Amino acid sequence: MTTTNNNTVVAAPPAASTAWLIDLVLLAALWGASFLFMRIGAAEFGALPTAAVRVAIASLFLLPIALLRGQGPSLAKHWKASLAVGVFNSGMPFALFCFALLTINTGLAAVLNATTPMFGALVAWAWFRERPNGSRLIGLVIGFAGVAMLASRSAGLHAGASGHAALWAVLACLGACLCYGISASATRRHLGGVPALTTATGSQIGATLFLALPAIWLWPAQMPSLRAWLALLALGIACTGVAYILFFRLIERAGPARALTVTFLVPVFALFYGAVFLGESITQWMLICAVVIVCGVALSTGIVKLGPTRKATV
């Protein structure tokens with residue numbers, strides 16, 4: 001059901017009311033798998049080359065689609081803003097997550113990634129003066145308390161990893177989430193009204209240019225295995241290119257608030273993939289902290305509100 005501006009509730013078409021759920025689950029499955037593929041790739045390529053190859057493949061996948069849909073002029077018009085947004089939307093966060101996954105497990109990284117909406121709320125507060133209300137402030141406190149709980153123990157570490165390495169890995173994940181928050185506000189300020197596919201394509205090209213030289217400089221001396229190359233191919237095409245298309249279609253079909261709920265499902269898939277394909281352990285402490293963080297995200301983004309709510313009139 002949808003609500004019009006005059007608060008009249010209108011039934012949504014049956015197909016539209018269920019199609020977005022399929023997109024939501026598929027998107028969560030793809031983004032959950034991205035942590036698996038990043039870890040496999042980073043182990044042989046290194047953090048920066050993995051991120052660079054990912055966005056380069058995504059660019060090659062998205063650019064023809066954008067051109068075939070007649071968005072070449074839009075790309076040319078908004079190229080500066082798109083390229084700049086790509087640094088914060090993909091280049092830096094992908095590299096930071098790849099660095100973190102050299103130390104921590106995929107499930108732990110995905111749980112930390114769930115704090116992205118909280119950082120988005122903080123950046124919007126600083127940038128647009130959108131001060132969170134009581135429920136959202138409480139959510140921010142709860143969410144970051146969950147992060148502190150998660151970082152206080154060495155759960156989700158690779159064998160032989162030290163506590164100091166884990167701290168740097170956690171900080172890298174939080175830095176990536178902060179980058180996502182900055183890119184969201186920058187997109188809103190400088191790319192409002194621009195077609196989503198234009199923004200996605202331009203941002204991936206920008207991230208590729210940003211990471212190209214560091215990736216060449218740090219390219220591994222030994223050729224990575226076929227397994228690592230296949231992981232990056234899946235990462236660039238499925239987890240980035242296809243996922244972007246699903247994400248923007250989800251926003252169109254269900255709206256930003258429902259699209260945001262994908263954040264809750266991504267860690268579920270990431271934990272599952274890590275346990276099945278990499279033999280990673282899922283500790284009780286990780287699950288408790290994940291629940292605390294998800295509760296904080298739900299409150300800080302306004303998906304869940306404390307106190308009485310107004311009923312829509314029919």
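In this predicted model, helices α9 (196–217) and α10 (226–254) each contribute at least two residues to the lining of the second largest pocket. The largest share of that lining, five residues, is supplied by α10. The space enclosed by this pocket amounts to about 190 Å³, and the residues found along its walls are R69, A196, L197, A200, Y244, I245, F248, R249 and E252. When these lining residues are sorted by class, six are nonpolar and three are charged, while no polar residue is present.

Helix α9 also takes part in a packing arrangement with another helix. Two packed helices are described by the angle between their axes and the distance between the axes. For helix α4 (residues 79–100) and α9, the angle is about 65 degrees and the axes lie 6 Å apart, and the two helices cross in a right-handed sense. On the side of α4, the contact is formed by S82, L83, G86, V87, N89, S90, G91, M92, F94 and A95, and these residues meet T198, T199, G202, S203, Q204, I205, G206, A207, L209, F210 and L211 of α9. The residues of this contact between α4 and α9 comprise 10 nonpolar and 11 polar ones, with no charged residue among them.

A second helix pair is formed by α6 (residues 116–128) and α13 (residues 284–300), whose axes are 8 Å apart and which pack at an angle of about 35 degrees. The crossing of α6 with α13 is left-handed. In this contact, P117, M118 and A121 are the residues provided by α6, and their counterparts in α13 are G296, V297 and S300. By class, the residues where α6 touches α13 are four nonpolar and two polar, and again none is charged.

Aromatic side chains were examined as well, and a search of the whole structure yields 10 aromatic pairs. One of these is the pair of W219 and W229, which is classed as tilted, with a centre-to-centre distance of 6.2 Å and an angle of 45 degrees between the ring planes. Because W219 is located in the loop between α9 and α10, whereas W229 belongs to helix α10, this pair ties together parts that are 10 residues apart in sequence.

Taken together, α9 appears in two of the settings described here, as a contributor to the lining of the second largest pocket and as the packing partner of α4.

How values were computed:
Residues are numbered from 1 along each chain as its sequence is written. This is a predicted model: local features need pLDDT of at least 70, side-chain atom pairs count only at pLDDT 80 or more; totals for chains, interfaces and linings use all residues. Side-chain values use heavy atoms; hydrogens and water are left out. On a 1 Å grid over the protein atoms alone, a cavity is a set of points where a 1.4 Å probe fits but cannot get out, and a pocket is an open set with protein on both sides within 12 Å along at least five of seven lines; lining residues have an atom within 4 Å of a point. Grid points are joined across faces, edges and corners, and a volume is the space filled by probe spheres set on the points. Helices (H or I, at least four residues) and strands (E, at least two) are DSSP runs, numbered from the N terminus. Ala, Val, Leu, Ile, Met, Phe, Trp, Tyr, Cys and Pro count as nonpolar, Asp, Glu, Lys and Arg as charged, and the others, Gly among them, as polar. Axes are lines fitted to C-alpha atoms, for helices over the stretch in contact, and angles run from 0 to 180 degrees between N-to-C directions. A crossing is left-handed if the near helix is turned anticlockwise from the far one by less than a right angle, and right-handed if clockwise. Contact means heavy atoms within 4.5 Å. Rings of Phe, Tyr and Trp (its six-membered ring) pair if their centres lie within 6.5 Å; planes under 30 degrees apart count as stacked, over 60 as edge-to-face and the rest as tilted.
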